[in-house]
Structures are given as C-alpha cells and as structure tokens.
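I opened this notebook to record how the helices, sheets and aromatic rings of one chain are arranged. The entries follow the order in which I looked things up.

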Amino acid sequence: MEEANLNAMEVAKAGSKKGNLRRRSVIILVLSLSIVVVAFFIGYGVKKIEDYRKWIQHMKDVVEVPTFYHGIWVDDVNLGGMTFEEASAILWQKANEKLEKIRFDLVYGDKRWTFTYRDINAHTDWDIKIVEAYEAGRKGTLEERYNRVKEIEASGLKFQTSLYYNLDKIKGDIEAIAKEISYDPVDAEIRFYPDRENKFEITEEKAGLFLDAEEVFNTIKQRMEKGEYGEIVLIPTEVAPKVTKAELQKLTYRIVQFSTSLEGSSADRKHNVRLALSKLNGYRLNPGEVLSFNKIVGPRTAKGGFMPAPVIMPDKSMQDDYGGGVCQASSTLYNAALRANLEIVERHHHSFPVAYLPAGLDATVSYGGADLKIKNNRETPVFIRTFSSGDNVYVEIYGEPFPNNGYIECTSVVKEVIPAPQPKQILDKEGKYVKQPGGQYEYVKSRNGYKVTTYQTYYENGKKVWTKVIANDYYRPIQGIIYYRPKAEEQ
C-alpha cells in the first residue's frame, strides 16, 4: 500500500516535473519568439530609417546642385548641368549675335544710311530669363522641389527671351533723310518782253521728288517685327510741276489789239497819252488780280513827267491841266479789256462823248477819284503790251485764246438824244474872258444828252454765239456858258 502510494507519489512528482518542463519550454519558446519578433521589428525599423535617410540624401543630391537642372532651356540653349556663369557667358554671346543681325541699310542711288541695334536701343532680357531659369525648382519644401525637378527633367521647361527696342529714336533721322532726298518741283515760268520780236521767254519745268518719311518708318517697323533685316531701297515719288512749258505756250497768243487815234491832239496831249500807256507796257495780270489804272499810272504831275493839256473840269469847261489826255489811254485799255472778255470792276463814262471813240465805249479817270479797274477772271495770266505808231496808240492783250477762233466785237447804240439847253449868257463885267466890247467867249459848250447801250458780241468760227449788254450810259445834256461884253454904245 505504502509502496503503491509511494509509486503514486513518485509518478505524481514525475508528472509534475514533466509539466514544469513543458511550461518552461513554452515560456522559453515564447520569450525566444518575442526576442525574434522584437529583433525583427528593430531591424526593420533601422532599415526603414536608413532607407529614409538615404532618400532624403538622394533628394538633396538631386535638388541642391550649383547648376541648372536638366531639361531647362533658354531660347535654343540647353542649360542643363551648366553653372550660372557658364550659362551667362553663352546667353550673352547669343544675345549679342542676335543684336548684331539688326541692321537696316537705307539705299538711294550711291547714298547709304545705316541703322544698327545701338541706334534703336535694342536689347534682350536674357539676363532676366537666366535668373528665372535658375530659380525654377528652387522654391518650396525639399520634396516639392524634388518633384518639380523631376517634372522638369521629364517634360522640359523652356524660357523665351524678348527683344526690346525704340524705333522713335531714328524717326528724326529718317525725316532728315527724306528731306535730303526730296525737293520741290519747279514750275515752268513765262517772262514777257513786250518790246522784243520774241516777246515771250518760257523756261522748262522740272519734276520734284518726295520721299514719305512716315512710309519708310513703317516699313522699318514692319520688318523689325518680322526680323527681316537688311537693305531697304528708297523709292521717292515723282511730283509733277503745276505749270508746264506746253501750258504756258498757250498764253503767248495775242487775244486782241485795239487802237485809238491821236490825230488833232496837241503835242503835249499826245505825250501824256503815250506816257500813261507806257506805264502799262509789259504788265502781267494774274488770275483773280485787279488792275487799277490810277495805281499803275500814278499822279498826273509835272514831277511824274506829265504836261498840261485840255481836261474836262467839274464845271464842264475844257482847261489845261497836267495829264490832259490820260483818259484816252484808259479808254483804249478799257476797249482792249472788253474784247478780251476781262471783268470790268470799275468804269466811268465822261461827262459827254469823246471824239476818239463811239459813245458808251469811253472810260474816264481822275487820280484820287474815278478809276478804271479790270479783273482777270481767267484761270491763266494775261499780258499787256502798249505802243504807239504814228498818231495811233495801241493796247494788246496776250493770253490763252478763245476756243474755235473766238473773238469779241463791241458796239454801242444811241437809244435817245436829249437836245442841249440854250446856253447861259453871263456878262463879263471885269473882262476876264472877253477883252473887247461886243465880243463873247464860249466857256462851256452846250451839248446834247445821250442814252447809250453798249454790247459785247462773241463769235466762234465766224458765227455769233452770244450777245450781252455791257453798260447803259446816260450822258446828261450840258447847258453851255457864254461870257459876253456889250458893244460900247450899249454900255
């Protein structure tokens, strides 16, 4: 029994020992596994840390470089791997090469004017673009920078420089060139020499040149924008003269010649008429210009070369005064002007008809008073020639002829005659006019009055084209004045 219990106890002890061994084994196994797991995790963590450290260093190695990142371009230059100084040297050279190409040569004949980039202050912004290019990928966190650098490497990043210039700097030079090339046309000129056989001398016209400075400037501007530099041939425009020799040749035609007679006049009167007309000889009357007879002939004085001759006085008496007869000069000019169809601006008829012209065709003048004014209503100038031959004085007008052999005739018609009143008899008590008793002196001659209409008639190729009234004149009748002295026995 005891032996059995002993065995049972031994068996129990043996089983207990075995159980303890199992527990120890399990504990040891668990501890071992734990150690292994911990060691694994510790090793894994250390590796991770090392890998992260290496990654950080890798990113730093990629982004923290003193050179341009690969994939960065400025214009056509790949800056990847270059230092800032290396890239600057290349871009500076490229910019200079680009600027040196900017050159415009303006050419006209054997003349040449050159403009380069310096003249227009041309430059590129390469120095700004290189800084922008270098800064690409250098801002932000390390990872952001790294990603940006890799993106640049994969896709590329290009910067384009811009060209700046100021063409206004050469605008004044272009205007000066245009002025140098341009010149005004020269019109043909006509000179009138009334006393020569060949009365007209006509110079040749010359065309001018005009270079449009604004057009040249715009051409340079357009070519600058397109980068098309080089030679520009200047082609000025020919400017035609306004007046040609052929046109002036038409002005040499004698439109009219008109004359009046000095027959019966005193030598002094003839002198005055010729002198007044001589002042008109060679006169050029331009389009729109008004000729004033009084202004051209001037005062009728001894200093002016005039002589005393009969003049119609305000009281209608005829008395000698300086310039007597000048009205015949103005009347001769008036008739020539009518036949040239010039515009009569001012004209006055005499107190009574004159002997040298039909009534209605005279033109009286008085310095400081009545004047004869003639306007050139043509588009071309006319020229006046005056001369005398024997007892006749002449006025000729030269200019562009009427078409179709045209000419003008002037006629006057007396519409009414008003009889002269009986002369007034005045006793000359002092014997101022009548020296002998029983004598008399006609101080003012009694004259009939006249109403006269004057006409112009224009013909072409011998056929009447038109007729118009020039003037309606009224010469008032004049009451004569007779001074007398009774006979001695009547006193």
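My entries on strands, helices and rings follow.

**Ground rules.** I am working with a predicted model, in which local features need pLDDT of at least 70 and side-chain atom pairs count only at pLDDT 80 or more, whereas totals for chains, interfaces and linings use all residues. Residues are numbered from 1 along each chain as its sequence is written, and side-chain values use heavy atoms, with hydrogens and water left out. Helices (H or I, at least four residues) and strands (E, at least two) are taken as DSSP runs, numbered from the N terminus.

**Four-stranded sheet.** I looked first at the open sheet of four strands, which has the order 13-21-20-14 and antiparallel pairing; two strands pair if DSSP finds at least two bridges between them. Strand 13 (253-261) and strand 14 (283-285) are the edge strands, each pairing on one side only. Neighbouring strands here are turned by 25° against each other on average, with direction ignored. Strand 13 and strand 21 (residues 392-399) run antiparallel and are joined by eight bridges, and Y253 stands opposite G399 in strand 21.

**Helices on that sheet.** I then asked which strands helix 8 and helix 10 lie across. Helix 8 lies across strand 20 (382-389) and strand 21, running at about 15° to strand 21, while helix 10 lies across strand 13, strand 20 and strand 21, at about 145° to strand 13. Axes are lines fitted to C-alpha atoms, for helices over the stretch in contact, and angles run from 0 to 180 degrees between N-to-C directions.

Helix 8 (residues 267-278) and helix 10 (residues 326-339) also pack with each other, at an angle of about 45° and with their axes 7 Å apart. They are therefore oblique to each other, given that angles under 35 degrees count as roughly parallel, over 145 as roughly antiparallel, 65 to 115 as roughly perpendicular and the rest as oblique. Contact (heavy atoms within 4.5 Å) is made by R269, N272, V273, A276 and L277 of helix 8 with V326, Q328 and A329 of helix 10. I sorted these residues into five nonpolar, two polar and one charged, where Ala, Val, Leu, Ile, Met, Phe, Trp, Tyr, Cys and Pro count as nonpolar, Asp, Glu, Lys and Arg as charged, and the others, Gly among them, as polar.

**A second helix pair.** Helix 5 (residues 171-181) and helix 6 (residues 213-226) pack at about 135°, with axes 9 Å apart, and are therefore oblique to each other. Their contact is formed by K171, I174, E175 and A178 of helix 5 and A213, V216, F217 and I220 of helix 6; by class I noted six nonpolar, no polar and two charged residues.

**Three-stranded sheet.** I found an open sheet of three strands in the order 2-1-6, with mixed pairing. Strand 2 (77-78) and strand 6 (157-159) stand at the edges with a single partner strand each, so one side of each is left without a neighbour in the sheet. Strand 1 (residues 72-74) pairs with strand 6 in the parallel sense over three bridges, and I72 stands opposite L157 in strand 6.

**Aromatic pair.** My search of the whole structure gave 18 aromatic pairs, counted when ring centres of Phe, Tyr and Trp (its six-membered ring) lie within 6.5 Å, with planes under 30 degrees apart as stacked, over 60 as edge-to-face and the rest as tilted. One of them, F200 with Y398, is edge-to-face at 5.7 Å centre to centre and 65° between the planes. F200 lies in strand 9 (residues 200-202) and Y398 in strand 21, so the pair ties together parts that are 198 residues apart in sequence.
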